[in-house]
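Here are my notes for you to read alongside the model. Keep the picture open and go through the points one by one.

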Amino acid sequence: MNYQYTSEFRQALVEWFKKEHRDLPWRHTKDPYKIWVSEVMLQQTRVDTVIPYYNRFMDKYPTSESLAYAAEEELLKMWEGLGYYSRVRNLQAGVREVVETYGSKVPDNRHDISKLKGVGPYTAGAILSIAYGKPEHAVDGNVMRVLSRVLNIDADIALPKTKKIFEDAVMELIDPENTSAFNQGLMELGALICTPTSPKCLLCPVRDFCTAFQEGDPTTLPVKSKKVKTKNIDFDVLVIRDSEGRFLMEKRAETGLLANMWQFVMIERVKDANSFAQAQQRYNLVLDDNLAVPIDSFKHVFSHLKWLIDSYLVDCLQAPEQLPINMKFFTKDQIEQIPMPVPMLKIWGKIK
DNA sequence: AAAGCGTGGAA
DNA sequence: TTTCCAAGCTT
């Protein structure tokens with residue numbers, strides 16, 4: 001963009017945002033902690049999904065101190081259904097560091113804030129510009145889409161190195177007097193007007209500055225390569241019930257997929273193998289497998305893989321005195337307090 | 001640099 | 001149904 005137009009672009013964008021922005025819960029505060037929480041929740045997650053989680057989270061953890069020392073199990077339960085569960089563990093680690101080494105004051109510079117767990121280039125810039133009014137870039141998918149069109153940038157946004165082009169562009173364009181409205185304006189524009197398909201160019205406040213609009217078809221940008229095909233895995237999920245009506249659950253590993261979440265017993269279904277026999281052998285159980293009752297069969301799609309699940313309710317006739325430390329029989333009431341991933345919630349919903 | 005990491009909504 | 005996501009970060 002010709003440099004002489006940047007002030008007009010800034011003004012058009014900022015004024016549009018101040019007039020047309022949505023009324024969202026996290027837009028009623030400048031508390032860096034609350035902005036931080038909202039930004040982490042919004043990572044790869046839709047606004048409509050986040051709103052009820054954000055409100056519940058702020059009711060429970062209104063300050064950084066209240067979050068810093070919350071029990072991880074309770075925290076995961078608050079995050080249940082939001083996905084990307086490592087976000088909340090990193091968030092707590094970062095908040096705890098702020099409480100313990102920064103006197104509960106979120107750092108106001110990129111160098112320090114970027115060292116906090118779970119705070120990457122985008123989140124750092126968002127907190128700095130929205131809560132502190134600092135002229136810092138906050139480049140997300142919206143910003144890359146909007147600016148690729150406005151500035152006619154055809155670099156592949158799937159490549160990590162491409163992001164610097166947009167960060168540099170934002171630093172050239174940003175309104176130093178309205179950093180919050182400018183950065184949020186770019187994102188709001190991407191969410192409401194400059195959408196991936198069918199952009200509403202006739203309503204766009206920066207249409208006059210948009211190269212792609214002038215060229216005719218903004219939807220040709222951005223350029224984005226890379227599509228990953230998901231891998232399929234078959235599982236039998238065994239809802240194992242003991243004589244007291246309790247259910248056997250196991251806690252997943254501390255890292256990786258659905259870390260630290262609880263699940264019913266899962267056995268990968270292998271050709272010609274009996275999952276009930278596998279479970280009995282692996283955990284030293286005696287199951288009434290002749291009377292197993294099918295519960296549900298469904299698929300659950302992750303970003304990079306797909307679970308094909310058959311689930312069964314089966315009674316446990318005998319269990320060892322000492323189960324592995326990550327396994328336990330829980331009552332119905334206890335299960336309601338345990339963080340479970342969505343596919344397990346779906347099964348639980350059928351039998352509780 | 002590329003892959004791993006959730007979920008539900010929309011085209 | 002299938003595809004592509006939506007205010008990314010970590011390893």
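**Notes on the model**

1. Let's begin with how the two halves meet. Domain 1 and domain 2 bury about 940 Å² between them, and carbon and sulfur atoms give 52% of that area. Buried area here is the accessible area (1.4 Å probe) that two parts lose on being put together, summed over both. The size of an interface is often given this way, as the accessible area lost when the parts come together.

2. A word on the ground rules. This is a predicted model, where local features need pLDDT of at least 70 and side-chain atom pairs count only at pLDDT 80 or more, while totals for chains, interfaces and linings use all residues. Residues are numbered from 1 along each chain as its sequence is written, chains are lettered from A and ligands numbered from 1 in the order in which they are written, and side-chain values use heavy atoms, with hydrogens and water left out.

3. Now the domains themselves. Chain A splits into domain 1 (3-220) and domain 2 (231-351), with bounds that come from an automatic or database domain assignment. Their centres, taken over C-alpha atoms, are 38 Å apart. The contact (heavy atoms within 4.5 Å) draws 9 residues from domain 1 and 18 residues from domain 2.

4. Which residues come nearest to DNA strand B? They are Arg46, Tyr85, Leu258, His300 and His304, out of 21 residues around that strand; a residue counts as near if one of its heavy atoms lies within 4 Å. By class, the surface near DNA strand B has 11 nonpolar, 9 polar and 1 charged. For the classes, Ala, Val, Leu, Ile, Met, Phe, Trp, Tyr, Cys and Pro are nonpolar, Asp, Glu, Lys and Arg are charged, and the others, Gly among them, are polar.

5. Look at the polar contacts there (pairs of N or O atoms within 3.5 Å; within protein, one must be able to donate a hydrogen and the other to accept it, and residues adjacent in sequence count only if both atoms are side-chain atoms). A polar backbone atom of Gln44 sits 3.0 Å from a base nitrogen of DNA strand B. Val342 uses a backbone N or O atom, 3.1 Å from a phosphate oxygen of DNA strand B.

6. DNA strand C has 26 residues around it, with Gln44, Gly118, Thr123, Asp140 and Asn142 the closest. Of the atoms of DNA strand C within 4 Å of the protein, 63% belong to sugar and phosphate. A polar side-chain atom of Asp140 is 2.5 Å from a sugar or linking oxygen of DNA strand C. Helix H2 (32-42), helix H8 (121-131) and helix H9 (141-150) are the elements giving two or more residues to this surface; helices (H or I, at least four residues) and strands (E, at least two) are DSSP runs, numbered from the N terminus.

7. Is H2 mostly covered or mostly open? Mostly covered, with 10 of its 11 residues buried. Buried means under 20% relative accessible area, exposed over 50%, and partly exposed in between (1.4 Å probe, protein chains only). At the start of H2, a side-chain oxygen of Asp31 comes within 2.9 Å of the backbone nitrogen of Tyr33. After H2 comes Gln44, with a positive phi near 60°.

8. Last stop: Asn183, in helix H11 (residues 179-192). Asn183 counts as buried because its relative accessibility is 1%. Beyond its neighbours within four places in sequence, its contacts include Gly125, Ser129 and His137.
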